[in-house]
Amino acid sequence: MPNNNKTDIHRSEQRPEFWALSMRCCQLAATVDIAFFFIFLWLGSPVLAWVNVISVAMYAYAYRAFRDRRNRLAVMLIRIEVLVHAALGTVLIGWDSGFHYFLLMFVPALFASMHLRSAWILAICLWGYYVGLYVLMWFVDPLQPISADALLYVNIFNFTVVFLMFAYLTMFYVVTVTRAHRRLARMATTDPLTSLFNRRHMVALTEKLLAREKRQHGELALLLMDLDHFKEINDQHGHEVGDRVLERVAVLLRNQGREQDFVGRWGGEEFLAVLPETDPQQAAQAAERIRLAVQGLDWSDLVPGLEVTLCVGCSQLGERESFSNAIARADRALYRAKAEGRNQVAQADAEASATPLQESSV
């Protein structure tokens, strides 16, 4: 038994959205069965009416089992309820009642919750059960027949419920897949600590931007930033404090930029800002504004007396210069700022700005 619980929890962690949907389906199915209770009392079929009371109890218990992550038990209860309920409804008032529609709900659930081979085996068994029930009704008359009009209304009701549940499942699937794609895209393009773009995505964005800028002959500036004495912050106050410093600086950098600018974590305590349509003077002003903003941050809530500063290396992308070459010039400017006392902004030398464009990447 403990092994089964471990398996259930493992699958729940693998498909949390599916199990959340299953809990919602329990609620919807119980609501439908409550409606069925009154419908069959009105139609004069007390047996089916009280069957729905049992069904509501089973769905309630299945919901509780899902909540406790006893997923295997919950799924077993739902399967028994649907199989027995569909058969009873069909045998008591006829195939045209449409209770067999609910068996079709199992098909997407099987393939969403099980290994492919097991799902196919159970799907074939379900097909056999469905066909067997259909053939049975060729030879057996309904045990509690109702009027033709009432039978039509029950059929329409069952069809409508199944139709709406399929529509809901489809919508849920589309929403879930869309969210999953967005989450994967975000994980692939952002740094998990700072939520800024990561290095790979910064390169990809800049390459796209370069193609546009070269067509439009626009100016593009790069600001390579590095926190001063960050290793000492980690060594003296711990990596937790270091992470909080990076997060707070990242928020500042994001807020300092214009709408067309983008900033990312370049590696470690380094950040890169890409500024389209920015000349050298504007880039220097932006870099100085960032430097002063970081210098003015209040860290008293984190570590009293903590001071954080950064250096900025600015470079302007030459007309036929590669991105990697412009980064290298900004990097040299950055280290020059550190060598001259830190907490400074340094402009890159323009001597390499006419270097022929190369295909090398960063």
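The legends below describe close-up views of a predicted model.

**View 1. The buried face of helix α5.**
Helix α5 covers residues 106–113. Three of its residues, Phe106, Leu110 and Ser113, are buried. Looking down the axis of α5, the buried residues fall within an arc of 90 degrees, so they line one face of the helix.

**View 2. His100 in the loop before α5.**
His100 sits in the loop between α4 (71–93) and α5. The relative accessible area of His100 is 5%, and the cut-off for a buried residue is under 20%, so His100 counts as buried. Leaving aside residues up to four places away in sequence, His100 touches Thr90, Trp95 and Tyr130.

**View 3. The salt bridge between Lys338 and Asp226.**
The structure holds 10 salt bridges, and one of them pairs Lys338 with Asp226. The closest N and O atoms of Lys338 and Asp226 are 2.8 Å apart. This pair links distant parts of the chain, with the two positions 112 residues apart in sequence. Lys338 belongs to helix α12 (residues 323–339), while Asp226 belongs to strand β1 (residues 220–227). Both partners fall under the 20% cut-off for burial: Lys338 is buried at a relative accessible area of 12%, and Asp226 is buried at 8%.

**View 4. The salt bridge between Lys231 and Asp235.**
Side chains of opposite charge can pair when their charged atoms come close. Here Lys231 forms a salt bridge with Asp235, and the closest N and O atoms are 2.8 Å apart. Helix α9 (residues 230–237) contains both Lys231 and Asp235. The two residues are 4 apart in sequence, about one turn of the helix. Lys231 is exposed, with a relative accessible area of 61%. Asp235 also counts as exposed, at 52% relative accessibility.

**View 5. The salt bridge between Glu288 and Arg291, and a network elsewhere.**
In helix α11 (residues 280–295), Glu288 and Arg291 are 3 residues apart, which means a separation of about one helical turn. Their side chains meet in a salt bridge of 2.5 Å, N to O. How exposed or buried is Glu288? Glu288 counts as partly exposed, at 30% relative accessibility. Arg291 is buried, with a relative accessible area of 11%. A separate set of residues, Asp226, Asp228 and Lys338, is joined into one network by salt bridges that share partners.

**View 6. The packing of helix α9 against helix α10.**
Two packed helices are described by the angle between their axes and the distance between the axes. For α9 and α10 the angle is about 140 degrees, and the axes are 6 Å apart. Angles over 145 degrees count as roughly antiparallel and those from 65 to 115 as roughly perpendicular, so α9 and α10 are oblique to each other. From α9, the contact is made by Phe230, Ile233, Asn234 and His237. From α10, the residues in contact are His239, Val241, Gly242, Val245 and Leu246. By class, this contact of α9 with α10 has 5 nonpolar residues, 4 polar residues and no charged ones.

**View 7. Asp243 in helix α10.**
Asp243 has its place in helix α10 (residues 239–256). With a relative accessibility of 26%, Asp243 counts as partly exposed. From C-alpha to C-alpha, Asp243 and Lys231 are 12 Å apart in space. In sequence the two residues are 12 residues apart.

**View 8. His229 in the loop between β1 and α9.**
Which residue in this view has a positive phi although it is not a glycine? The residue is His229, with a phi of about 50 degrees. His229 is placed in the loop between β1 and α9. Its relative accessible area of 39% makes His229 partly exposed.

**View 9. Arg342 in the loop between α12 and β5.**
Arg342 is found in the loop that lies between α12 and β5 (345–347). Phi of Arg342 is near 65 degrees. This is a positive value in a residue other than glycine. Arg342 is partly exposed, at a relative accessible area of 29%.

Definitions and conventions. Residues numbered from 1 in each chain as written. Predicted model: local features only at pLDDT ≥ 70, side-chain atom pairs only at ≥ 80, totals over all residues. Heavy atoms only, no water. Buried < 20%, exposed > 50% of the residue type's maximum accessible area, 1.4 Å probe, protein only. Arc of directions from axis to C-beta. Salt bridge = Lys/Arg side-chain N within 4 Å of Asp/Glu carboxyl O. Axes fitted to C-alpha atoms, helices over the stretch in contact; angles between N-to-C directions. Parallel < 35°, antiparallel > 145°, perpendicular 65-115°, else oblique. Contact = heavy atoms within 4.5 Å. Nonpolar A, V, L, I, M, F, W, Y, C, P; charged D, E, K, R; others polar.
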